[in-house]
Amino acid sequence: MTWTGHCLCGAVRYEATGAPLNTSLCHCEDCRRASGAPFQGWIFFPRTKVEILSGELRVHAYEGRERSFCAACGSPISFTDQAYPDLMEVTLGTMDDAAALKPDDYNWMEDHLPWLHLDPSLPQFIHNGPPPCLT
Ligand SMILES: [Zn+2]
Ligand SMILES: [Zn+2]
């Protein structure tokens, strides 16, 4: 299974292989501001399974977490946390087959915008859910 994606301008292209470990919609304020959207969708992969094929990334590092963006158009691409060095999260919205990636859960409901209606059958976490297991 190979997942491909790209930023708005097409400069950054990436590929991820294997089944995603998890798909989360994060409602935290950081994701909201970094994406400019009410929430950010993240696809979790083992870090070794994600490869940037082209383009230049700009990285915003803050408190052990790194967010990358296309240096040309600013589209958010990835997120890593030094507490979980083996994981990489890729933005759902830049995936070519985003329609196939239904969310597994909702994170950071503490910051959730109250007018946004969610699927009540999905797990909700006040902050982060448990990190996906790599083994
Ligand atoms: Zn771009
Ligand atoms: Zn977040």
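The exercises below deal with a predicted model.

**Exercise 1. The core**

Find which residues of the largest nonpolar core touch the most other members, and which element gives the largest share.

Solution.
- Step 1: The largest nonpolar core has 24 residues, and I43, F45, I77 and V90 touch the most other members.
- Step 2: Two or more residues each come from β2 (13–17), β3 (22–26), β4 (40–46), β7 (65–70), β8 (76–81) and β9 (87–91).
- Step 3: β4 provides the largest share of this core, with four residues.
- Step 4: Take V90 as an example. Leaving out residues up to four places away in sequence, V90 touches nine positions listed here: G5, Y14, A16, I43, F45, V50, I77, S78 and M95.

**Exercise 2. An open sheet**

Work out the strand order of the open sheet of three strands, and name its edge strands.

Solution.
- Step 1: The order is β1-β2-β5, and the pairing is antiparallel.
- Step 2: β1 (2–6) and β5 (50–54) each pair on one side only, and are the edge strands.
- Step 3: On average, neighbouring strands of this sheet are turned by 25 degrees against each other, direction ignored.
- Step 4: β2 and β5 are joined by four bridges; E15 has E51 in β5 as its bridge partner.

**Exercise 3. Positive phi**

Decide whether E63 is buried or exposed, and do likewise for W108.

Solution.
- Step 1: Most residues other than glycine have a negative phi.
- Step 2: E63, in the loop between β6 (57–62) and β7, has a positive phi of about 50 degrees.
- Step 3: E63 has 7 other C-beta atoms within 10 Å, so E63 is exposed.
- Step 4: W108, in the segment after β10 (105–107), has a positive phi of about 55 degrees.
- Step 5: W108 has 23 C-beta neighbours inside 10 Å and therefore counts as buried.

How values were computed. Residues numbered from 1 in each chain as written. Chains lettered and ligands numbered in written order. Predicted model: local features only at pLDDT ≥ 70, side-chain atom pairs only at ≥ 80, totals over all residues. Core = buried A, V, L, I, M, F, W, Y, C linked by C-beta atoms within 7 Å. Buried ≥ 20, exposed ≤ 12 C-beta atoms within 10 Å, placed from the backbone. Contact = placed C-beta atoms within 7 Å. Pairing = 2+ DSSP bridges. Axes fitted to C-alpha atoms, helices over the stretch in contact; angles between N-to-C directions.
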